[in-house]
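This report looks at strand pairing and at one buried acidic residue. Please keep the sequence and the model in view while reading.

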Amino acid sequence: MQVSSLNEVKIYSLSAGRSLPEWLSDRKKRALQKKDVDIRRRIELIQDFEMPTVSTKIKVSRDGQYIMAVGTYKPRIRCYDTYQLSQKFERCLDSEVVTFEILSDDYSKIVFLQCDRYVEFHSQHGRYYRTRIPKFGRDFAYHYPSCDLYFVGASSEVYRLNLEQGRFLNSLQTDASESNVCDINPVHYLFAAGTAEGKVECWDPRTRNRVGLLDCALSSVTADTEIDCLPSVSALKFHGALNMAVGTSTGQVLLYDLRSSNPLIVKDHQYGLPIKSIQFQHQLDLIISADSRIIKMGKIFTSMEPEYDINDVCLYPNSGMLMTANEAPKMNIYYMPVRPAPKWCSFLDNLTEELEENPESTVYDDYKFVTRKDLENLGLAHLIGSSLLRAYMHGFFMDIRLYHKAKMMANPFAYEEYRREKIRQKIEETRAQRVQLKKLPKVNKELALKLIEEEGEEQQATRKRKQKNLPSLLKDDRFKVMFENPDFQVDEQSEEFRLLNPLVSKISEKRKKKLKLLQEQEAQEQEEEEEPEGKPSDAESSESSDDEKGWVEEVRKQRKLLRQEEKVKRQERFKEDQQTLLKPQFFEIKEGEEFRSFKDSAKKQKLMKKTLGDRLKLEEKLGTLTVSDTTVGSKQATFKLKKSEQQKKQQEAEKQHRQERKTLRRSASHLTSKRGRGQRFH
């Protein structure tokens, strides 16, 4: 049984572990249980709680005794009896089930909406009746007072089927092109349909008139959300008489009060996937929403990410048990001890209490979180995208054993460094008990000296004004790393520092002299056996000139220096370019084209840069363009297209062909005239 904890809420996965094949004999199953510890420790809450390939929908009967699930392949329904903790029956269907509803308190009356437009009614013995709706259906709801079934789907109409009279009634005409989901309020029986345009239409079944319209697509888009298309409504659920939750195709969940058109809460799943299911936990006052990747409970309560994609979520009433239908044969069961377990598995409460008394390793204790930079340092960047790394937030989870092995190979002397660091810390702790001189940190010494000087000036000013002293940055733990980690060292040779702080160079010269004196004192202290008592150094007042002319001059000097450095770098690059040998490059010429020179392309580029007027003048000189005035007063321009080399060759070939045909005709006519003369002569 796996345990995961998020926000101090423990979630127990009761279906974790390997499942044994059905075709194994009891003897082999017992042998495997003796050998494998994981199989021995697994909990099979309900026997054979799985589907052959995929499970699509899962629901619980109103009396809580039966759990029904549909899946493939072949399309089937399985009913599980919680009192017996096993499967009660299984029925195969003609086509896949889109959704189903349990009309009775037990399993005796069930309605199935299938993917081929058929609606099947099942009783205890099996299929009772079968009918067909005009368009493909996506969801339906049952209105108990009038015994009407409301079907929505790939149509603007909402079809009504009365089960008491056994006939279709007049349908409801909506403004939407298609409807995806629907639901009926359990208190006042208001019918609501979620459309593909991102709107929710509310209808009164008594008068069959529309009483309200909510634009959820507009309300779901906030400043933080990024969408590529119009959000459509993909999930809908009523809670009590006044609350309604709406899920969109872009991954937002909106909670509405029916008395207002603006949502109370907008929650984003951050995955951009359609919301598939919405459930309400009445005792904890939570909204449980799920897309194909994650199940979120409340705004910040907790969440869980199963291994496989989610198709449906079912909450067992008045308990902390949750069941999911997945893109996998096994249907998952989760238990949260924040609510009691159902009566038929009350032993889970005692089991979880024992596990909390004797805590075992959670899911993430065997994994190490590493960033991309850590992987590059360990030489494991090539594992990104493989099954050994699981992407999470800004990094990856990897097995702790693999992490330790890679770290040992990357840095085999890590233990020696750790030992030296511990010894150094112990020595510094003993030295801290002695009388110390005022020492500067190892990193950013000039910055620390500047802060000490400013602190001394502030202390003198506060004494005169009789004010409280402000805390120092050197003593603040939040900025402690800035004077210990060399990554935070200020680069005074960078271009940004030199331009932004031109006057610092003058002041820093005095500080450098002071730093040298302090370093010499520290060296003398290390050479001597006994350390003398330290005397605090007088803080020299930093003379900062406020004259703007001096500041401008310093900026100009720094810019001149930077330009000189750039010239030197260019000269070095030029020398390197001269030393490098250029290799000849070969270019492929297309068929039918002749290479003349690189000057033609240069001429074309120059012509393209010129204005239209200049190009027209050039073309007039060449004779390819003629401009003439018309009678109306406007100008008429005629162009002569330049012929390419291929066109010229074709024209020459045509001329030769014509000349050959002319010569042949002349020779043929000459021969015929000679023959005619010969016949006359004879």
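How many bridges join strand β16 to β17, and do they run parallel or antiparallel? Four bridges join β16, residues 191-195, to β17, and the two strands run antiparallel. The model is a predicted one.

**Around β17**

Strand β17 spans residues 199-204. Five of its six residues are buried, so the rest of the structure largely encloses this strand. On the β16 side, A192 has C202 of β17 as its bridge partner. β17 also pairs with β18, residues 209-215. Six bridges join β17 and β18, and they too are antiparallel. Here V200 is matched with L214 in β18.

Both connections are hairpins with a positive phi. The hairpin of β16 and β17 has three residues between the strands, and G198 takes a phi near 85 degrees. The hairpin of β17 and β18 has four residues between the strands, and R208 takes a phi near 55 degrees.

The table lists three strand pairs with their bridges and one matched residue pair for each.

| Strand pair | Bridges | One bridge partner pair |
|---|---|---|
| β8 and β9 | four | L113 and V119 |
| β16 and β17 | four | A192 and C202 |
| β17 and β18 | six | V200 and L214 |

**The four-stranded sheet**

An open sheet has the strand order β7-β8-β9-β10, with antiparallel pairing. Why is one side of β7 and of β10 left without a neighbour in the sheet? β7 (97-102) and β10 (127-132) stand at the edges and each has a single partner strand, so one side of each stays unpaired in the sheet. From one strand to the next, the twist averages 15 degrees. Within this order, β8 covers residues 110-114 and β9 covers residues 118-122. Four bridges join these two antiparallel strands.

**A buried aspartate**

D291 sits in the loop between β24 (286-290) and β25 (295-297). Which side chain of opposite charge is nearest to D291? The nearest is R293, 6.8 Å away; D291 is buried yet has no salt bridge. Its polar partners lie elsewhere. The side chain of D291 makes a polar contact with the side chain of H269 at 3.3 Å. A polar atom of the D291 side chain also lies 2.9 Å from the backbone nitrogen of R293. Beyond its neighbours within four places in sequence, D291 is in contact with H269, Y271, L273, P274, I275, K276 and I310.

Definitions and conventions. Residues are numbered from 1 along each chain as its sequence is written. This is a predicted model: local features need pLDDT of at least 70, side-chain atom pairs count only at pLDDT 80 or more; totals for chains, interfaces and linings use all residues. Side-chain values use heavy atoms; hydrogens and water are left out. Two strands pair if DSSP finds at least two bridges between them. Axes are lines fitted to C-alpha atoms, for helices over the stretch in contact, and angles run from 0 to 180 degrees between N-to-C directions. Buried means under 20% relative accessible area, exposed over 50%, partly exposed in between (1.4 Å probe, protein chains only). Lys and Arg count as positive and Asp and Glu as negative; His and the chain ends are not counted. A salt bridge is a side-chain nitrogen of Lys or Arg within 4 Å of a carboxyl oxygen of Asp or Glu. A polar contact is a pair of N or O atoms within 3.5 Å; within protein, one must be able to donate a hydrogen and the other to accept it, and residues adjacent in sequence count only if both atoms are side-chain atoms. Contact means heavy atoms within 4.5 Å.
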